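Trainee: I'm new to this one and would like a close look at a single part, a helix perhaps. Could you walk me through it and then show me how it fits with the rest?

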Amino acid sequence: MSRYDEDLYDNPFYTALEKNYHLLLDQASSSHLIVCVPKYELVKDASFSKTDFGDHILLASTDQDDSFTSLTKHHVQILQGQIILGKGYKVAKEVAILFEETFYNSKDESYRVLCVSEVFNRAVEKGNANKSTSPDYSRLPTSYNEFYQLLWGLQGSAKTKENLDKLLLTFCIDYQKFSGPVTPTLVDLVSGQVTRAMQLVLKDSLVKRHISQSDQYISSLKISVENYLMNVVHKHLFATITNCMKSNDSNLNKKNRNLVDTRLEHLHVRAEYEENLPGSRKELSKLNDFSTPFERLQCLKRVVTLLTRPVEAAKSDESLMMATDDLLPLLIYLIIRSPIPNWFANLTYMKHFILTKVAESDEFSFYLATLEAALHFILSGNVKSSKPTQRKPDGGVGRQASTGSFTSAKEKFFQYVQYGDEAAVRLMLKGSRSSSSDDVFSKLCHPLCDCETCLELTASVDSSGAVTPMVRDDMGRTALHLAALYGQAGLIDILSKNGCLADASDFLGRTPLHMAALKGHQNIILLLVHFGGEVRAVDNEGNTPLHLCAKNGHEDCVKAILFLDSLKSRVDVNAGNDMGETPLHLAAKWGYDGIVHFLLECEADPRVRNRRRQAPMDVAQNADIKKALQSVMDEGPPLVISQKPDVSTSLINVPATPITRSPQPSTPRSSNDVMSPYVLLDASQESVGGFQVIDVRSRKDVPMVDNSSKAVMSPVKPAVASLDRPNAHQIERLFKAIKQKDLPLVQFYLGWVEDTSPLPSPDQVTMETMCHPLCQCVKCVNIQRHSMKDALEIDCRNKKGFSPLHICVIENNFDVFEILLMKGALLDIQTTKHITPLHLACYHDRQKMVEELVNHGASVNIHDQHGEIPLHLACARSSPAIVQLLLEAS
Amino acid sequence: MAGGGNRNFNFKAVLLGEGCVGKTSLVLRYVENKFNDKHLTTLQASFLTKKLNIGGKRVNLSIWDTAGQERFHALGPIYYRDSNGAILVYDITDEDSFQKVKSWVKELKKMLGNDICLCIAGNKIDLEKDRHVTVAEAEAYAASVGAKHFHTSAKLSKGIEEMFLELAKNMIEKADSDTATRPGTGKNNRKSVVVVDDSTPSRQAGGGGCCGGGGSS
């Protein structure tokens, strides 16, 4: 695996050959000879005779592939990268081939040149003389130890080291101040630092002497300095990169966590390659142990080398030669299974922060491209989508192979469950249908029909194909497990009512709730809990369902489970699994900031340590999460989590509110103090911490009277404010939901059913809208829960007097806006500054909303605090359409 | 000594083609190293290198196999960006594979414009009797997109060396004309063309760093 390279046109041996024995080379071209050239250092001062050249030019023998004859008739064998000198040479020895180069002449004829490590027919003294001089720098150092040795090991100057270390410490500070994109700004920063470090090192007199002695020294030196620097600064540098890549990484982690059950065959990997996987997997898991990007890349290279090591079967089967189509899926598989939570940060680190070019740069960039391709493939979600197509044929084979009617009924049953065939499942559970009765089934008027003919037909079928609700598959899973796994919400009801136990556990100790949590089916979690699923159930690894959805990044499920908690206090958010990890550990580790904030809000304790004595802080990769955890740890209960800036990750759904951990009203003063730092959200949205709910009994009568609102809203009413605080959070969440256009959540907070039909009476949002008083569908369960709880009033307002309608206008959420109008929200509701929704609609130039408001009869002549009516604002905005609407209305 | 024209080139060539067209054996045949064959250290044909010396110009050719399967199609750009040349392989007995080549060409032209040298290889000419892609059609198509067409057979070891040689020459030409028209301003999407001035042994200039014993004492 030598990386030696030299320009043969500088090699005296070759140039002499070319100059003086041109004919030999011509002969070499026309008869495909092999020319061996000793490496530069051996021949730089030597002179050669014609015999010497003859010794080094080889002619392939006709009978055997690997044996050759030199022009001087000596025998040579070439085996395994070695030239074995045989009969005729003075010394029989093995000479290593350093590299091969194919030369083409102007007639496109070619001959091969092998650069070799020794002169063929010379005495050995030359080699000895060579060894006594400076150490060999032809091989670049590759590990940190080697870098260190090269810099300071031999005769390195202590003074230089001291200076360099001092300099590097100042670099660390640069990263703390750094802001901007990773590329090119951060790369420039780093390369500037390397240049300064290099300057410092080059001032050292010992180094200067070395450079004059060896041409290769400088490249070794460069890479050593770079790595020495990286090793010192990497913590800061890599943290900065990690932070920039955090949203990519948490997206990838979510994909990865949900793919952990991926098997090799899902990726169409040939089973023969499996043999190399354990070794490469182990190597890959070390990636984050290396500090410098160069060492990490070396690690990646070792992974690929291990992966592509010839397997036993390949010796007889040439088609097993691994192409990219094979390598890529293997790497994808390794990445999915790897414990590394910051792949994109690593990719960026290796791709942009190796500044010195090395001979293998091309090879390295190939590895990086493969890694990048693998990450993007996982992110694209295609790993998952190719799964069902894979599974179906498998199922088909299984069905053909099985003969017993019971097995086949069971398999069919599970298939129906998987694909959500409610009618068939129902029928099979009734035990009235045999597996061999497809024809009968097809004759029925309707799968559930019970007219006489159909009853006869179904009765005629023997019931041997029936299944019990407790039937299990080869993983010990019940039908309910599968329904939960594949998100068949409709089946949960049927199966549960037919006697499937919600708490059955499979071989891995997982209950259906675990399955739903794994896959992120929020609706199913709610249903299962309703049917008695135990949210505290632990699987074989000690994970509760909450662990699984925290690990897999299913924020909505985390919310669902915690919501149930607030109702029934059944969940222990700080439960540890067998590794001692709480849900907070998992969410922090994989970078789901939304879940972390939500867990903290629900009193998850950031001080809990896992078996490795790590607190969630220690496993978090993402600076925002660390900050959130830190702030909770610093302040101690009652805790307030600092408001999260609007991060560009799609995962976040959590209200950006001041979140208190203690629901009890504290003293008025302190409650205000706690709120005050978080008062301002942004310029357009003035919704704030302290809230007020106004009981509006006289809705639809007159516009809310100013002084009443003033009185209630005035900030110095702490008693009321603190009493209402739980509700205040609710309002904040509602506003957040409106902002995020999360219609179902808005409906949930307002206690509405998912009914957007124009039935505007607010009274209808009650039990009457349920399918049936006892109905247990998701929708109705929510209503039930909510009717017991505190659904928010449609005209609830926060401290500044903003109502949902205001927020809809600000956030341009037309859907909710329309529903609010339909439900009879107060049109002329005013904020503390007397701003009506119409004012806002004009200000934000929302023509459609203006139109709706006016049509519903909103007053166009209300003055705000500055005496402006909506028309003023519309004119200021110079939007003629709105002006016209307002004029028509007045 | 070839004098002032002595240059080092680092080229990246990608190999495109459906899974079954035999691109792996094609490239293996090309870089086949008689001296390493019996001692397989790796099992992979996804990244291979070959050193060439064409009329005094040193070419370090990296050959990247790409993911050819349809499910990986979207990842193509990650592999072929920054490449200097592409070899598009089809199976002469398989019309579909030829259509696939056409779609690759279209994509490459769209993404990389004329910055990339193209060669189209009609592989498996040892199966001439099962030919489904006519010579005339293939050659006419290649000419229409400015690509060179070659008839190859990995089995018979035909046409392969010629093809890579031609591609290398094209890439040298392209690199030469690029540096001639834009002296100094290296094009940013051609990072892999590294022209190392041979007379400076120091690598601080940030060059390829691939020539070992460069300087003379």
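Mentor: Sure, and keep in mind that this is a predicted model. Before the close-up, a quick word on chain B, which has 5 helices and 6 strands. Along the sequence they come in the order β-α-β-β-α-β-α-β-α-β-α. Of the 217 residues in chain B, 46% are buried. If you take its contacts between residues at least 6 apart in sequence, 74% of them join residues at least 24 apart.

Now for the part I'd pick: helix H8 of chain A, residues 182-202. Start with its length. There are 21 residues, and at 1.5 Å a residue the helix should span 30 Å; the end C-alpha atoms sit 28 Å apart, so the two agree.

Next, which way does H8(A) face? Its buried residues are Val182(A), Leu186(A), Val190(A), Gln193(A), Val194(A), Ala197(A) and Val201(A). Those residues cover an arc of only 100° around the axis, so they are on the same side of H8(A). Turn to the other side and you find exposed residues: Pro184(A), Thr185(A), Asp188(A), Gly192(A) and Gln199(A). As for what covers the buried residues, the list includes helix H7 (158-177), helix H9 (205-213), H10 and helix H15 (343-352) of chain A.

H10 comes up again when you step back to the cores. In soluble globular proteins, nonpolar side chains tend to be buried together. Here the largest nonpolar core has 158 residues, and those with the most contacts inside it are Ile332(A), Ala86(B), Ile87(B) and Leu88(B). Helix H10 of chain A, residues 217-244, gives the most to this core, with 13 residues. To see one of the well-connected residues up close, try Ile332(A): leaving out residues up to four places away in sequence, it touches Leu267(A), Ala374(A), Phe377(A), Ile378(A) and Val383(A). There is also a second, separate core of 63 residues, with Phe413(A), Val529(A), Tyr592(A) and Phe598(A) among them.

Chain A has strands to look at too. Strand S1 (residues 34-38) pairs with strand S2 (residues 57-60) in the antiparallel sense, over 2 bridges. One pair to find is Val35(A) with its bridge partner Ile57(A) in S2(A). S2(A) is also joined to strand S3 (residues 67-70) by 3 bridges, and these two run antiparallel. There, Leu58(A) has Ser70(A) in S3(A) as its bridge partner.

Two loop residues deserve a glance for their backbone angles. His268(A) isn't a glycine, yet it has a positive phi of about 60°. You'll find His268(A) in the loop between helix H11 (246-257) and helix H12 (277-284) of chain A. It counts as partly exposed because it has 13 C-beta neighbours inside 10 Å. Asp845(A), not a glycine either, has a positive phi of about 60°. Asp845(A) lies in the loop between helix H40 (837-843) and helix H41 (847-855) of chain A. With 16 C-beta neighbours inside 10 Å, Asp845(A) counts as partly exposed.

That loop brings us to the repeats. In an unreviewed entry, UniProt lists several spans of chain A as "repeat: ANK", including residues 579-611 and 833-865. Residues 579-611 are 48% helix and 0% strand, with end C-alpha atoms 5 Å apart. For residues 833-865 the span is likewise 48% helix and 0% strand, and the end C-alpha atoms lie 5 Å apart.

Definitions and conventions. Residues numbered from 1 in each chain as written. Chains lettered and ligands numbered in written order. Predicted model: local features only at pLDDT ≥ 70, side-chain atom pairs only at ≥ 80, totals over all residues. Helix = DSSP H or I, 4+ residues; strand = E, 2+ residues; numbered from the N terminus. Buried ≥ 20, exposed ≤ 12 C-beta atoms within 10 Å, placed from the backbone. Contact = placed C-beta atoms within 7 Å. UniProt positions renumbered as here; feature names shortened; annotations may be inferred. Core = buried A, V, L, I, M, F, W, Y, C linked by C-beta atoms within 7 Å. Expected span 1.5 Å × (residues − 1). Arc of directions from axis to C-beta. Pairing = 2+ DSSP bridges.
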